[in-house]
Amino acid sequence: MEGSESEAVFESLNLNPQLFINETLNTVDDLLDDAFHFFHQEASTLLKTDCTSGSQFISEGIAYIRDMIQSDLDTRLGMWEKYCLHHVFAVPEGFSLPQTESPAETFTCQDLLSDPDLDAQLDILRNRLTMVGKESSELNHELQALERQSASSDHCAELVSEALLLYDQASTQDMYQDMLSTMSELHEKMEKLRTRKVENLECIRAKRINDPNRDLLASNYRKGKITWQPFSCLVPGKLDMIAL
């Protein structure tokens with residue numbers, strides 16, 4: 001490729017195909033060195049041959065394998081280099097670079113591309129786009145504020161619902177306690193009434209037993225001359241007799 005038309009074309013474009021190929025070959029050699037160095041370390045670790053006689057045999061075996069791979073790789077890379085120089089970086093015969101435009105022609109093209117009316121319309125569209133962007137930003141802020149307000153309202157509603165539930169539970173508990181208290185009071189009053197009634201009956205029975213005129217009264221009662229009428233509702237514990 002040296003001294004050929006292709007080399008002149010690439011040099012005019014500040015390109016060097018041979019330099020690219022050489023860097024690629026050097027990169028492949030570096031990768032190969034790193035791979036076999038890692039392979040040697042792993043083999044020594046697994047076989048535990050560091051600082052022993054077996055380490056030499058491993059090194060010789062790895063070197064033999066590398067020579068075989070390196071030889072085959074060099075052959076293939078050499079073929080790849082020739083293919084690149086003769087086909088990939090080869091310039092067809094009669095190829096010429098396009099001529100650069102003169103400043104006058106460039107100025108004319110710029111004049112043709114510039115249009116005051118079009119520039120004015122573009123400025124109007126840019127201004128409208130800026131306004132729409134500002135309105136969109138304001139709407140986003142308002143939307144976020146509404147979302148925060150809605151979240152706050154939902155939280156307040158949840159708190160009110162919890163308070164009502166607690167109030168209902170407290171009211172039910174109070175009613176239940178009132179019922180228990182009323183039942184207890186009623187039971188106590190019934191016990192007092194029963195006790196008072198028993199005491200009245202005992203008192204009446206005792207008076208009848210201890211009355212000295214009991215026999216006479218009983219005889220008259222059997223003859224139908226007198227009747228017994230207790231006025232316990234007026235004077236509890238006393239018994240009055242009314243003669244007919």
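The legends below describe several close-up views of one predicted model.

Residues are numbered from 1 along each chain as its sequence is written, and side-chain values use heavy atoms, with hydrogens and water left out. In this predicted model, local features need pLDDT of at least 70 and side-chain atom pairs count only at pLDDT 80 or more, while totals for chains, interfaces and linings use all residues.

**View 1. The whole chain holds six helices and two strands.** Helices (H or I, at least four residues) and strands (E, at least two) are DSSP runs, numbered from the N terminus. Read from the N terminus on, the order is α-α-α-α-α-α-β-β. Of the 244 residues, 10% count as buried; buried means under 20% relative accessible area, exposed over 50%, and partly exposed in between (1.4 Å probe, protein chains only). The chain exposes about 20,700 Å², of which carbon and sulfur atoms supply 59%; such areas come from the Shrake-Rupley method with a 1.4 Å probe, and for residues only the protein chains shown count as cover. A contact means heavy atoms within 4.5 Å. Among contacts between residues at least 6 apart in sequence, 56% join residues at least 24 apart.

**View 2. Confidence varies among the elements of the chain.** The score used is pLDDT, the predictor's confidence in each residue, from 0 to 100. Its average over the chain is 76, and 71% of the residues score at least 70. Helix α2 (residues 17-47) has the highest mean among the elements, 89, and strand β2 (residues 240-243) the lowest, 39. Over residues 228-244 pLDDT stays under 50, and for this stretch the model has 27 contacts beyond four places in sequence. Where pLDDT is low, the predicted coordinates should not be read in detail.

**View 3. The largest nonpolar core has nine residues.** A nonpolar core is a set of buried Ala, Val, Leu, Ile, Met, Phe, Trp, Tyr and Cys residues joined through side-chain atoms within 4.5 Å. The members are Val9, Phe10, Ile21, Leu25, Leu77, Cys84, Leu85, Phe89 and Val91. Helices α1 (5-12), α2 and α3 each supply at least two of them, and α3 gives the largest share, three residues. A second, separate core has five residues, among them Leu32, Phe36, Ala43 and Ile58.

**View 4. One aromatic pair is counted.** Rings of Phe, Tyr and Trp (its six-membered ring) pair if their centres lie within 6.5 Å; planes under 30 degrees apart count as stacked, over 60 as edge-to-face and the rest as tilted. Phe20 and Phe89 form an edge-to-face pair, 6.1 Å centre to centre with 70° between the planes. The pair links distant parts of the chain, 69 residues apart: Phe20 lies in helix α2, and Phe89 in the loop between α3 (54-88) and α4 (103-113). Phe20 is partly exposed at 44% relative accessibility, whereas Phe89 is buried at 17%.

**View 5. Gln70 sits in helix α3.** Gln70 counts as buried because its relative accessible area is 17%. Leaving aside residues up to four places away in sequence, Gln70 touches Asp29 and Leu32.

**View 6. The count of disulfides is zero.** A disulfide is taken as a pair of cysteine sulfur atoms within 2.5 Å. Cys84 is buried, with a relative accessible area of 5%. Cys203 is partly exposed, at 28%.
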